[in-house]
Amino acid sequence: MKYAPRRHHRNHFHLRLIAAVFLLVIAGAIAALSIYYVNDRPGVRIGPTTYRRGTSYDGISSRSSNVFDRGVHYVIEYPVAGVSAIDSTVASYIDQLRGSMAAPADGPYLGGDTGEFNASYLVRSANRDYISIVAQVNITYPMDVGVHDAAYWTFDRHTGQVISLEQLFGDRAADGVARTVLYIRQALGEQAAKRHERVDDAYLERVVTADTIRDFLVRDRSTIEFDFGQGTVAPESAGPVTVALSIDRLQLFLQNDQARRLLEVTNVTTVRSTSSEVTTECSRIKCIALTFDDGPGAETGRLLDILKAKRAHASFFVIGGGVRRNAALVKREATEGHTVGNHTLTHPSLTLVTDSVLRSEIATTNSLISQVTGVRPHFVRPPNGAVNAHVAGLFGEEGMAGVLWSIDTRDWADHNSDVIYNRVIAGARPGAIVVLHDIQPTSVDAVPRIIDKLQAQGYRFVSLDEMLGNVPAGKIYSSL
Ligand code: ZN
């Protein structure tokens, strides 16, 4: 009643006009499609119909191709990142799979639908320096399970070159890749446990190696990701598998400009021997610092005997619970000239706990240690090496300096004295900090040989108090 009748009428007229145009478009499309399919005779290849359109990814558009060839429907979306090396790397991966599909069809095409080839991509993350792309392919045949395939890369957006995991770690590539391999195996083991499956260590060691994780994705500024195809690192029934790793435990290996362009790297400081921060004689002589985590335990007494006999000092990052149980060993560590540091009360990854939990993990352990030794610790080793800028800031407020390491023996993974010995000798440099665990018999077994070999090379084994001295709180150190 409120609407004017004339206007009402005009609206109807417009609707009819729109409907007519719409029907014409539909009819045209049907006509075009019928020509398209009529043309699809055996052996006749129809030129790809390509078009470009924008994507939601900044600066990246798509080139699409929709082709019916010998009974196979190819629907492909290629990325156009505007850097030819990037575009061609992704395209050649897709085209190679497409080629492998076309090959068996060389015989006479007898008509009918033989399958569908779908390829597309997604951008996991990007900024002006890099782009992480996943390409995904599904091939489906009638009456068949089909083929799923995927590949991923992180590209340098300026050069178009793939940034390998090794390149991400720069001059710490060997250690960084080895750590990443171990973390991925751990994550896969945990994922299997959640599926109530048991996974064989030997299996994980075979399928996850430095060779199988050459490429990586940047998921966000603090997470890298690895995608594995169905049946490659887990049973087929588990489907495709994704492992996301926080960079918190990899900070040490990311101290380079390449990594900083991609990720929010927490700076790990190296004290310059020329700096006034160093008041110790390690600025003049060859020092090396052995550090032992997770004790005190059953092997600690034997280790202290070895160190005493060889006139070597070391550092012990003790766990609060161990201090309660083995106070006498901690007292002995301090009395015999070693540094006793804080390795928290219950060994959580400090990047995963609340601020108040972090503070009490540190403060409670500090008071347990100072009750036994009479000295309040200055150094903290974050469990699992997990740090970020926020954690470092809290260390500062608690008056602590964080200490990681420059020589990673990975003795918790390889319980083998020869391997541990070799890693220390290979990595030995003046000012190096070595991480070991005095709860592992194989680690303690390696110590006499390590000391003998390096003392013969002129090294002095010093505590962290001797090597780093009174460095500022709130910083993270990995070597002198
Ligand atoms: Zn530990």
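**Figure 1. Contacts across the whole protein chain.** Among contacts between residues at least 6 apart in sequence, 67% join residues at least 24 apart. The model is predicted. The protein chain has 14 helices and 19 strands. Of its 480 residues, 48% are buried. The accessible surface comes to about 23500 Å². Carbon and sulfur atoms account for 53% of that surface.

**Figure 2. The zinc ion and its protein donors.** Which residues supply the protein donors of the zinc ion? They are D294, through OD, and H343 and H347, each through NE2. These donors lie 2.1 Å from the zinc ion. Their spacing in sequence is D-x48-H-x3-H. D294 sits in the loop between strand 11 (287-293) and helix 7 (300-309). H343 sits in the loop between strand 13 (339-342) and helix 10 (355-373). The pair therefore ties together parts that are 49 residues apart in sequence. Is H343 buried or exposed? H343 is buried, because its relative accessible area is 2%, and buried means under 20%.

**Figure 3. R332 and its surroundings.** R332 belongs to helix 9, which covers residues 327-335. R332 is partly exposed, because its relative accessible area is 24%, a value between the 20% and 50% cut-offs. Neighbours within four places in sequence are left aside here; R332 then contacts G301, L304, D305 and K308. With D305 there is also a polar contact, side chain to side chain, at 2.7 Å. V372 is 40 residues from R332 in sequence. In space, the two C-alpha atoms are 9.6 Å apart.

**Figure 4. The largest nonpolar core.** This core has 68 residues. Which of them touch the most other members? I224 and F226 do. Helix 4 (residues 173-194) gives the largest share of the core, 7 residues. Leaving aside neighbours within four places in sequence, I224 has contacts on both sides of its own position in the chain. Earlier in sequence, its partners are L165, L168, F216, L217 and R219. Later in sequence, they are V243, A244, L245, I247, L250 and L263.

**Figure 5. A second nonpolar core.** A separate core of 34 residues accompanies the largest one. Among its members are L290, V372, L436 and V447. V372 also appears in the view of R332, where the C-alpha to C-alpha distance between them is 9.6 Å.

Terms used: Residues numbered from 1 in each chain as written. Predicted model: local features only at pLDDT ≥ 70, side-chain atom pairs only at ≥ 80, totals over all residues. Heavy atoms only, no water. Helix = DSSP H or I, 4+ residues; strand = E, 2+ residues; numbered from the N terminus. Buried < 20%, exposed > 50% of the residue type's maximum accessible area, 1.4 Å probe, protein only. Contact = heavy atoms within 4.5 Å. Polar contact = N/O pair within 3.5 Å; in protein donor to acceptor, adjacent residues only side chain to side chain. Areas by Shrake-Rupley, 256 points an atom, 1.4 Å probe, with all protein chains shown as cover. Donors = N, O, S within 2.8 Å, 3.2 Å for Na, K, Ca; no water. Core = buried A, V, L, I, M, F, W, Y, C linked by side-chain atoms within 4.5 Å.
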